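Below are some notes for a colleague who is reading through this entry, set out as numbered points. Please take them alongside the sequence and the coordinates.

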Amino acid sequence: MAVLVTGGAGFVGSAVVRQLVRAGERVANLDALTYAGNLDSLREVTDDLEAAASYAFVRGDVADAPAVRRAFEAHRPDAVVHLAAESHVDRSIDGPGDFVRTNVVGTFVVLQEALRYWRALPAEARARFRFLHVSTDEVFGSLGAEGHFTEATPYAPNSPYSATKAGSDHLVRAWHHTYGLPAVVTNCSNNYGPYQFPEKLIPLVTLNALEGRPLPVYGRGEQVRDWLFVEDHAAALRLVLARGAVGETYAIGGHNERRNLDVVGAVCDLVDELRPGARPRRELITFVADRPGHDRRYAIDASKVARELGWAPAESFESGLRRTVAWYLENRWWWERVRSGVYRGERLGRLEAA
C-alpha cells in the first residue's frame, strides 16, 4: 500500500511513518518542517537502505494547494493519514492565526486535493482508498470529576487549538457525507514518548530535571489527562486505516488518567533513579500561574476501537514513562539540536503575544 502521511516529521507522524515502513508499506511524507518538524526523528528509516527505498520526503505546506496536488500526483497514494497540525495549546493562545491556517485551511486544502484525486481513480482503487484524519480529545472540552469522552460526546472546544481541530473534524465529516470521500476520524488522548518536541509536559520536565532547572506546574497541578504512549497510538491508527469503517469515528485512549502534578513527580523520580543528582528533583517543582481557560480533565472511553478492531495499548503509564524518560536521557543528540536555538523551554501561552 502507498500511504501519503501529512506531518510525518512531527511527533505522532514520525511514529506512524516508522511503523508503516517497518510493515512494508510505501510512504510519502509531506511536511513543511515548521519548528516541531524534525527529520532526525526518521533516521531509523532514512539510514536503512532497504527502508529508505520505501520512503520519500516531500517538503510542502498543507495549506499550499499546488504543493499538495503535486504530492498526490507524484506518489499516487492508496490512503492518506492526515496528521499535519499545529498542536500546542500554549502556542495557540499566543498565535491563533497559525492554527487557523494549518488546522482549518490546511485540512480544507488536503480534503479538496484528496477528493480531486479520488474521483479520478479507477473504480477498484476508489473503493480501496481511505482518508484518515487524526484529531484530539480536546475538541470535546472539559470533563467533570467522572465520566469519559466517547465518539458521541458533543463538541465543546475551549482553546484556539481545540477549536481549530474541531473545525477540521467537521470538514472531514462534511466531505464524507456530501461528496462521498471515504474518510475516517480518530480522536486521541494526550500522547507521550520518544521524539516529542520539548515544549510538551513530559519531555520539558525530563530535560529541566536533568539540567536542574525549575519544573513549572500550572496552577496546583490538579488537571487530569489520559496518557497514551505514542507507539500504541500509531499502532491504533494503522488498525483504523486498515479495518476502520468508512464514515466512523474512533476514540483512542491509554486508560491512564493522571494529575499533572503526579506526572511531574513520576518523571522526577525516574530521573533521580537513572541520573542521580545532588538533591531530589521534586524540589525543583515550581507552581506558576495557570494557563488561561485550562480544561480540568480529559478521559477517553476507547471501548469501540477495542471491540471492533481489537486494539489495546501495549504500555502501561509506568512502563511507557520509563521508556520515554530513558530515551531522552540516552539521546541527547536529538534534543540538544532542538534546544540549541528553536526552543529553550521558555513559558508560552501568557496571552501577551495574542
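**Notes on the predicted model**

1. Leucine 33 sits in the loop between β2 (26–31) and α2 (43–46), and in this model, which is predicted, leucine 33 has a positive phi of about 55° although it is not a glycine. Because its relative accessibility is 22%, and the partly exposed class runs from 20% to 50%, leucine 33 counts as partly exposed.

2. A second residue that deserves a look at its backbone is arginine 76, placed in the loop between α4 (65–75) and β4. Phi of arginine 76 is near 45°, again a positive value in a residue other than glycine, and with a relative accessible area of 43% arginine 76 is partly exposed.

3. The largest nonpolar core has 43 residues, and those with the most contacts inside it are Val5, Val81 and Leu132. At least two residues of this core are supplied by each of β1 (2–6), α1 (11–22), β4 (79–82), β5 (130–136), β6 (183–188), α10, β10 (249–252) and α12 (303–309), with the largest share, 7 residues, coming from α1.

4. Which residues does leucine 132 touch, once its neighbours within four places in sequence are left aside? Leucine 132 is in contact with Val80, Val81 and His82, with Val184 and Thr186, and with Leu237, Val240 and Leu241. Separate from the largest core there is a second one of 27 residues, which includes Val68, Val109, Val110 and Leu111.

5. An open sheet of 3 strands, with mixed pairing, has the order β7-β9-β11. Its edge strands are β7 (190–192) and β11 (257–259), each of which pairs on one side only, and neighbouring strands of this sheet are turned by 50° against each other on average, direction ignored.

6. Within that sheet, β7 and strand β9 (residues 224–229) run parallel and are joined by 3 bridges; asparagine 191, for example, has leucine 228 in β9 as its bridge partner. Helix α10 (residues 230–243) lies across β7 and β9, and runs at about 70° to β9.

7. Helix α11 has 15 residues and reaches 21 Å from its first C-alpha to its last, close to the 21 Å expected at 1.5 Å a residue. Its buried residues are Asn260, Leu261, Val263, Val264, Gly265, Val267, Cys268, Leu270 and Val271, and they pack against α9, β8 (215–218), β9, β11, β12 (285–288) and α13.

8. Helix α13 (residues 317–330), with 14 residues, reaches 20 Å from its first C-alpha to its last, close to the 20 Å expected at 1.5 Å a residue. Phe317, Gly320, Leu321, Thr324, Val325, Ala326, Trp327, Tyr328 and Leu329 are the buried residues of this helix, and what covers them includes β7, α9 (201–211), β9, β11, α11 (260–274) and α14 (332–339).

9. How many disulfides does a search of the whole structure find? The search finds 0 disulfides. As for individual cysteines, cysteine 188 counts as buried because its relative accessibility is 8%, and cysteine 268 also counts as buried, at 0% relative accessibility; both values fall under the 20% limit that defines a buried residue.

Technical notes: Residues numbered from 1 in each chain as written. Predicted model: local features only at pLDDT ≥ 70, side-chain atom pairs only at ≥ 80, totals over all residues. Heavy atoms only, no water. Pairing = 2+ DSSP bridges. Helix = DSSP H or I, 4+ residues; strand = E, 2+ residues; numbered from the N terminus. Axes fitted to C-alpha atoms, helices over the stretch in contact; angles between N-to-C directions. Contact = heavy atoms within 4.5 Å. Disulfide = S-S within 2.5 Å. Buried < 20%, exposed > 50% of the residue type's maximum accessible area, 1.4 Å probe, protein only. Expected span 1.5 Å × (residues − 1). Core = buried A, V, L, I, M, F, W, Y, C linked by side-chain atoms within 4.5 Å.
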